Amino acid sequence: MSGYVNETLGRLSDQLYVTSIGIYSVAALLFFVALAMGAKVKTYAGDLAESDRQARELVGASASSSRSVPAAGDRTPGRVSGPPERRPRNRAAVLSAAAYPVVILGLIAHIASIVLRGLATDRAPWGNMYEFIALTCAACVLGAVVVLRKPAQRPLMSFVLLVVILMMFIGGKWLYTHAAPVVPALKSYWLIIHVSVVSIASGVLLVSGVVSILFLIRERWPSTMDVLPSSDTLDRVAYKCVVFAFPLFGLGVICGAIWAEAAWGRFWGWDPKETVSFISWIVYAAYLHARATAGWRTAAAWVNVVGFVTVLFNLFAINLVVSGLHSYAGL
């Protein structure tokens with residue numbers, strides 16, 4: 001790892017970082033509009049179904065003697081129908097389908113920004129807070145693209161993107177550092193392994209936290225939040241994310257302990273970041289236990305939200321507020 005920095009690639013990386021924020025914002029807006037349009041379609045479909053039911057009752061009451069002959073304008077029971085001009089067009093699904101590749105385009109720009117940062121500095125591009133947040137957000141978006149790939153679930157990415165946009169804005173506005181070599185303590189191959197594993201796991205856990213928050217909202221206001229997928233669907237998505245990220249996060253903690261022994265002569269010293277990482281691991285272990293316990297589904301979601309908070313606290317507060325051996329914010 002040399003001390004040479006390619007400023008041209010560094011500037012291009014910064015431009016792609018800002019570009020990805022803009023693309024994510026467009027995608028989030030499209031998904032939010034799709035959610036709003038979906039709510040209107042469901043409301044309109046419900047109104048039509050109710051009017052159809054009332055019409056069938058009136059036809060049945062007035063033409064009971066001719067039940068064997070279908071009445072003009074009669075409709076198939078249980079199906080939202082009506083004259084062609086009355087049928088709702090589900091433009092929400094079309095808009096959601098159009099927004100999905102926009103997210104992928106933003107992710108490509110985002111990953112390109114990270115790669116160019118590494119090429120500019122000739123090192124792993126996650127050696128300070130700005131770069132770590134960029135990698136975690138990229139993992140979060142990639143996790144959302146994979147786990148929410150079903151058409152009915154894609155609009156949920158709007159909420160994930162909202163968190164990502166906020167984190168990237170904070171990272172670019174207040175945590176930004178110019179492309180430069182890392183401090184000597186971070187010049188280790190463990191930087192590539194430990195930090196990347198923890199960052200990817202944290203990004204996927206953020207997706208799980210957002211989905212659990214939506215689950216709790218859906219449970220609290222089931223009628224007004226009908227635009228969201230069912231509680232069972234939200235619960236399964238959150239669970240899948242934790243099942244993938246939990247062992248990965250544990251592996252990252254173990255790799256960090258091995259690196260700590262090589263760098264500081266001990267595997268564990270209850271450094272603030274080590275402590276909060278261990279607390280996060282315990283919280284997600286408690287979530288998996290609660291999720292496997294009958295009747296604890298809502299309680300498990302609350303535990304997952306607590307884990308979501310600890311991950312965000314570990315991402316920001318530990319490096320910026322608390323002084324410790326992991327204070328490599330680069331600010």
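Among contacts in the chain between residues at least 6 apart in sequence, 80% join residues at least 24 apart. I ask you to keep that figure in mind as we look at this predicted model. The chain has 331 residues, and buried residues make up 46% of them. Its secondary structure comes to eight helices and zero strands. Read along the sequence, the pattern is therefore α-α-α-α-α-α-α-α, by the way helices and strands are assigned here.

Let me begin with a pair of charged residues. Side chains of opposite charge can pair when their charged atoms come close. A search of the whole structure finds six salt bridges. In one of them, the side chains of Asp-14 and Arg-117 meet, with a distance of 3.4 Å from N to O. This pair links distant parts of the chain, for Asp-14 belongs to helix H1 and Arg-117 to helix H2, 103 residues apart. Are these two residues buried or exposed? Both Asp-14 and Arg-117 are buried.

A second salt bridge joins Arg-123 to Glu-131, and here the closest N and O atoms are 2.7 Å apart. Arg-123 has a relative accessibility of 8% and so counts as buried. Glu-131, at 2%, counts as buried as well. The four residues I have named, Asp-14, Arg-117, Arg-123 and Glu-131, are linked in a network of salt bridges.

Elsewhere in the chain, Arg-266 forms a salt bridge with Glu-274, the closest N and O atoms being 3.1 Å apart. Glu-274 counts as buried because its relative accessibility is 7%.

I turn now to the cavities. How many cavities of 30 Å³ or more does a search of the whole structure find? The search finds three. I shall discuss the second largest, which has a volume of about 50 Å³. Two members of the salt-bridge network, Arg-117 and Glu-131, are among the residues that line this cavity. The other lining residues are Ser-13, Tyr-17, Ser-113, Ile-114, Pro-125, Tyr-130 and Ala-134. By class, the lining has five nonpolar, two polar and two charged residues. Which helices each supply at least two residues of this lining? They are helix H1, residues 7–62, helix H2, residues 91–121, and helix H3, residues 129–147.

Between H2 and H3 there is a loop, and Asp-122 lies in it. The phi angle of Asp-122 is near 60 degrees, a positive value in a residue other than glycine. Asp-122 is partly exposed, with a relative accessible area of 43%. A second residue of this kind is Trp-270, whose phi is near 55 degrees, again a positive value in a residue other than glycine. Trp-270 lies in the loop between helix H6, residues 231–264, and H7. With a relative accessible area of 54%, Trp-270 is exposed.

Next, the cysteines. A disulfide is a covalent bond between the sulfur atoms of two cysteines. In this model the count comes to zero disulfides. Why does Cys-137 not form one? The closest cysteine sulfur to that of Cys-137 is in Cys-140, 6.7 Å away, which is too far for a bond. The cut-off for a disulfide is 2.5 Å between the sulfur atoms. Cys-137 has a relative accessibility of 1% and therefore counts as buried. Cys-255 also counts as buried, at 9%.

Finally, I should like to present two serines. Ser-208 is found in helix H5, residues 189–220. Its relative accessible area is 0%, so Ser-208 is buried. Ser-208 and Ala-238 are 30 residues apart in sequence, yet their C-alpha atoms are 4.3 Å apart in space. Leaving aside neighbours within four places in sequence, Ser-208 is in contact with Ala-238, Cys-241, Val-242 and Asn-304.

The other serine, Ser-280, is found in helix H7, residues 272–291. Ser-280 is buried, with a relative accessible area of 1%. Which residues does Ser-280 touch, not counting those up to four places away in sequence? They are Phe-249, Thr-310 and Val-311.

To close, I return to the opening figure: of the contacts between residues at least 6 apart in sequence, 80% join residues at least 24 apart. The salt bridge of Asp-14 and Arg-117 and the pair Ser-208 and Ala-238 may serve as illustrations when you view the model.

Conventions:
Residues numbered from 1 in each chain as written. Predicted model: local features only at pLDDT ≥ 70, side-chain atom pairs only at ≥ 80, totals over all residues. Heavy atoms only, no water. Helix = DSSP H or I, 4+ residues; strand = E, 2+ residues; numbered from the N terminus. Buried < 20%, exposed > 50% of the residue type's maximum accessible area, 1.4 Å probe, protein only. Contact = heavy atoms within 4.5 Å. 1 Å grid on protein atoms, 1.4 Å probe; cavity = no way out; pocket = protein on both sides within 12 Å on 5 of 7 lines; lining within 4 Å. Points joined across faces, edges and corners; volume = space filled by probe spheres on them. Nonpolar A, V, L, I, M, F, W, Y, C, P; charged D, E, K, R; others polar.
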